[in-house]
Amino acid sequence: MAGDDGNHNNTGGGGGGGQEEVQIQIAGPSKGATSSTGEAPPHASPVKHWHWWLMVILNMFFLIAGQTASTLLGRFYYNQGGNSKWMSTFIQTAGFPVLLIARVLFRSRSEAATSSPEASTAKITLIYIVLGLIIAADDLMYSYGLLYLPVSTYSLICASQLAFNAVFSYVLNAQKFTPMIFNSVTLLTFSAALLGVDEDSEGSGGVSQGNHVLGFVLTLGASATYSLILSLMQVTFEKVIKRETFSVVLNMQIYTALVATLASLIGLFASGEWKTLEGEMHTFSSGKVSYVMTLLWTAISWQIASVGVVGLIFVVSSLFSNVISTLALPIIPVFAVIFFHDKMDGIKIIAMLMAIWGFISYGYQLYVDDKKSRKTSASAEESS
């Protein structure tokens, strides 16, 4: 999550350069799709349009790279002898302090002048607390899923979040459903369903069939919860905060991650798992230093992924952010086979192809929307 929801970046400064903070222009095709009026978004100038695509590409890179690295490192932690679900949950958001560096670097003197009036502190604080607690619960479900499932199965089930997000986006964000989007959602739903009925799907490290089923259910539940988080974040950006600076994206990530980290820390001590951490470090197959570095880089990778997630929600939409997450599908299973010797049977290959087809379907819809937006803007300019 994360929402993940985590990420660093130079996304905020990617197009800024000077003293002023970048104002993110919501001029992309998907933003028009989320409009409650159904009107095409106003066409940006060539410079703004180029800047918008630069922000999208940078956030896509952060999301894909961070998600792939964090998932593989999370599986490595379990494979080498780690067994604390709460520690795995904790490190998914614990790296958020690195975002304070970006917050300071990209803070500008013109920020107050270029932003809209802020919502009440009490309202924003309540939103951060609620979202943070939901994120902590979501991360815990993902931790159990990654423990009980092979990485390849886990990553493919996570693709179902797009189907859940489409529903939440329709209800909460006024996302329009086109035939291509419906096709994308349907394909990803069947992709996850195939894995659910695959009786030959092997467990991870001798996991029992019961735990394997539990891992599937929890991963599916986590995907649904994650999708809800994305839509709620988009509602917060559009209806409550109403500001278009990158600092807003960072604030959302920092404060919700702070709440989630504190909740995970409480869970770590309340469950008694903290007592096993020293033993884990000493028995970690690749050594103590590897244990510490695995946790550190997993935390950093999650933050990289979260900046990409939240950035794409803000620049485009929650549905688009979720679709981009599926880009890691052909990447994670391949690495899982190479490093963890996961089994890639026919069912998984078919599920992967269906998921990729679903992504291409939605990507084509974005292309069509963007092309239509350009034509509408050109016609409006000619008539004026």
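Axes here are lines fitted to C-alpha atoms, for helices over the stretch in contact, and angles run from 0 to 180 degrees between N-to-C directions. Keep that in hand for the helix pairs below. The model is predicted.

**Whole chain**

Start with everything shown. The chain carries 16 helices and one strand. It has 384 residues, and 54% of them count as buried. Now turn on the surface. The accessible area is about 16300 Å², with 68% of that belonging to carbon and sulfur atoms.

**Stop 1: helix 7 and helix 15**

Select residues 151–158. This is helix 7, and it is mostly covered, with eight of its eight residues buried. The buried set reads V151, S152, T153, Y154, S155, L156, I157 and C158.

Add residues 332–340, which form helix 15. Helix 7 packs against helix 15 at an angle of about 170°, and the two axes lie 8 Å apart. Angles over 145 degrees count as roughly antiparallel, so helix 7 is roughly antiparallel to helix 15.

Show side chains at the contact. From helix 7, pick V151, S152 and S155; from helix 15, pick I332, P333, A336 and F340. By class, this contact holds five nonpolar and two polar residues, with no charged ones.

**Stop 2: T219**

Move to T219, which sits in helix 10. Is T219 buried or exposed? T219 has a relative accessible area of 0%, so it is buried. The cut-off for buried is under 20%.

Now show what surrounds T219. Setting aside neighbours within four places in sequence, T219 is in contact with Y142, G145, L149, Y154, I157 and C158. Y154, I157 and C158 should be familiar: they are among the buried residues of helix 7. Draw a distance from T219 to D139, C-alpha to C-alpha. The two are 80 residues apart along the chain, and these atoms are separated by 9.8 Å.

**Stop 3: helix 8 and helix 10**

Select residues 161–172 for helix 8 and residues 209–241 for helix 10. Their axes come within 8 Å and cross at roughly 35°. The crossing of helix 8 past helix 10 is right-handed.

Color the contact residues. Helix 8 supplies Q161, F164, N165, F168, S169 and L172. Helix 10 supplies L220, S223, A224, Y226, S227, L228, L230, S231, L232 and V235. Sorted by class, the contact has ten nonpolar residues, six polar ones and no charged ones.

**Stop 4: helix 10 and helix 13**

Keep helix 10 and add residues 288–315, which are helix 13. These axes come within 9 Å and cross at roughly 50°. Helix 10 and helix 13 are therefore oblique to each other. Helix 10 passes helix 13 in a right-handed crossing.

Which residues meet here? On helix 10, look at Y226, L230, M233, Q234 and F237. On helix 13, look at V309, V310, I313 and F314. The class count is eight nonpolar, one polar and no charged residues. Y226 and L230 of helix 10 are also among the residues in contact with helix 8.

**Stop 5: G311**

Stay on helix 13 and select G311. Its relative accessible area is 0%, so G311 is buried. Not counting residues up to four places away in sequence, G311 touches N59 and V249. Show both.

Next, draw the C-alpha distance from G311 to L63. The residues are 248 apart along the chain, and the atoms are separated by 9.2 Å.

**Stop 6: Y362**

Finish at residues 346–383, which are helix 16, and pick Y362 there. How is Y362 placed, buried or exposed? With a relative accessible area of 2%, Y362 is buried. Add T178 to the view. Y362 and T178 lie 184 residues apart in sequence, and C-alpha to C-alpha they are 9.5 Å apart in space.

**Looking back**

Leave T219, G311 and Y362 selected. T219 is in helix 10, G311 is in helix 13, and Y362 is in helix 16. Bring back helix 7 and helix 15 beside them, the roughly antiparallel pair.

Conventions:
Residues numbered from 1 in each chain as written. Predicted model: local features only at pLDDT ≥ 70, side-chain atom pairs only at ≥ 80, totals over all residues. Heavy atoms only, no water. Helix = DSSP H or I, 4+ residues; strand = E, 2+ residues; numbered from the N terminus. Buried < 20%, exposed > 50% of the residue type's maximum accessible area, 1.4 Å probe, protein only. Areas by Shrake-Rupley, 256 points an atom, 1.4 Å probe, with all protein chains shown as cover. Left-handed = near helix turned anticlockwise from the far one by under 90°. Contact = heavy atoms within 4.5 Å. Nonpolar A, V, L, I, M, F, W, Y, C, P; charged D, E, K, R; others polar. Parallel < 35°, antiparallel > 145°, perpendicular 65-115°, else oblique.
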